[in-house]
Amino acid sequence: PRGTNVRVRVAHAGGMDVAHTVLVFLTPPDASEQRRLVAWKKVHLSAGDEITLNVEVAAKHFQLRNRNGQLKGSAGEWLVTTSGGATGRIMAMDVGIGSAKAAA
């Protein structure tokens with residue numbers, strides 16, 4: 001199974017050093033479920049820093065339960081979003097998506 005590598009560019013516009021947690025969410029193609037947290041990464045940024053994070057989202061997160069309760073891969077366009085929490089207003093984030101080999 002293959003997962004997805006999410007690249008997130010984070011720019012800190014504040015004047016003080018911060019610790020920040022970047023959250024990665026998935027929403028299924030048919031929006032049958034609300035978005036769900038699938039990965040996160042904590043970073044430490046100095047004032048004016050800009051970094052690019054690579055966050056791997058495992059293939060298992062792209063599965064939904066069928067009527068029998070079994071997990072099955074769900075084809076279609078999944079929505080990937082990021083969130084910085086309450087302090088997100090001081091961050092600029094760009095998201096890119098590519099394939100990555102998922103961890104077992």
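A residue is called buried when its relative accessible area is under 20%, exposed when that area is over 50%, and partly exposed in between. With that definition in hand, select Arg9, which is partly exposed because its relative accessible area is 23%. Keep in mind throughout the tour that the model is predicted.

**The salt bridge**

With Arg9 still selected, add Glu50, and you will see the two residues form a salt bridge in which the closest N and O atoms are 3.4 Å apart. Arg9 belongs to strand E1 and Glu50 to strand E4, so that the pair links distant parts of the chain, 41 residues apart. Glu50 counts as exposed because its relative accessible area is 51%. The count of salt bridges comes to 1.

**The whole chain**

Now zoom out and colour the chain by secondary structure, where you will find 8 strands and 0 helices. Followed from the N terminus on, the elements run β-β-β-β-β-β-β-β. Among the contacts between residues at least 6 apart in sequence, 69% join residues that are at least 24 apart. If you switch to a surface view, the accessible surface comes to about 6600 Å², and 49% of it belongs to carbon and sulfur atoms. Of the 104 residues in the chain, 32% are buried.

**The nonpolar core**

In soluble globular proteins, nonpolar side chains tend to be buried together. To look at the largest nonpolar core here, which has 17 residues, select Val6, Val10, Val24, Leu26, Leu53 and Val57, the members that touch the most other members. Which elements give two or more residues to this core? They are strand E1 (2-12), strand E2 (18-27), strand E3 (36-45) and strand E4 (50-57). The largest share, 4 residues, comes from E3.

**Ile51 and its contacts**

Next select Ile51, which lies in strand E4 and is partly exposed, since its relative accessible area is 26%. Leaving aside neighbours within four places in sequence, Ile51 is in contact with Val8, Arg9, Val10, Val43 and Leu45, and you may recognise Arg9 as the salt-bridge partner of Glu50. If you draw a distance between the C-alpha atoms of Ile51 and Val8, you should find 8.2 Å, although the two residues are 43 residues apart along the chain.

**The aromatic pair**

Move on to Phe62 and Trp78, which form an aromatic pair of the edge-to-face kind, with 5.3 Å from centre to centre and 75° between the planes. Where along the chain do Phe62 and Trp78 lie? Phe62 is in the loop between E4 and strand E5 (63-65), whereas Trp78 is in the loop between strand E6 (71-73) and strand E7 (79-83), so the pair ties together parts that are 16 residues apart in sequence. Phe62 counts as buried because its relative accessibility is 18%, and Trp78 counts as buried because its relative accessibility is 11%. The structure holds 1 aromatic pair.

**Thr27, Arg35 and Phe25**

From Trp78, step across to Thr27, a residue of strand E2. Is Thr27 buried or exposed? Thr27 is buried, because its relative accessible area is 15%. Apart from neighbours within four places in sequence, the residues in contact with Thr27 are Glu33, Arg35, Trp78 and Leu79. For the last stop, select Arg35 from that list together with Phe25, and look at how Arg35 lies over the face of Phe25, at 3.8 Å from the ring centre.

Key:
Residues numbered from 1 in each chain as written. Predicted model: local features only at pLDDT ≥ 70, side-chain atom pairs only at ≥ 80, totals over all residues. Heavy atoms only, no water. Core = buried A, V, L, I, M, F, W, Y, C linked by side-chain atoms within 4.5 Å. Buried < 20%, exposed > 50% of the residue type's maximum accessible area, 1.4 Å probe, protein only. Contact = heavy atoms within 4.5 Å. Areas by Shrake-Rupley, 256 points an atom, 1.4 Å probe, with all protein chains shown as cover. Phe/Tyr/Trp six-rings, centres within 6.5 Å; stacked < 30°, edge-to-face > 60°. Lys NZ or Arg CZ within 6 Å of the ring centre and 35° of its normal. Salt bridge = Lys/Arg side-chain N within 4 Å of Asp/Glu carboxyl O.
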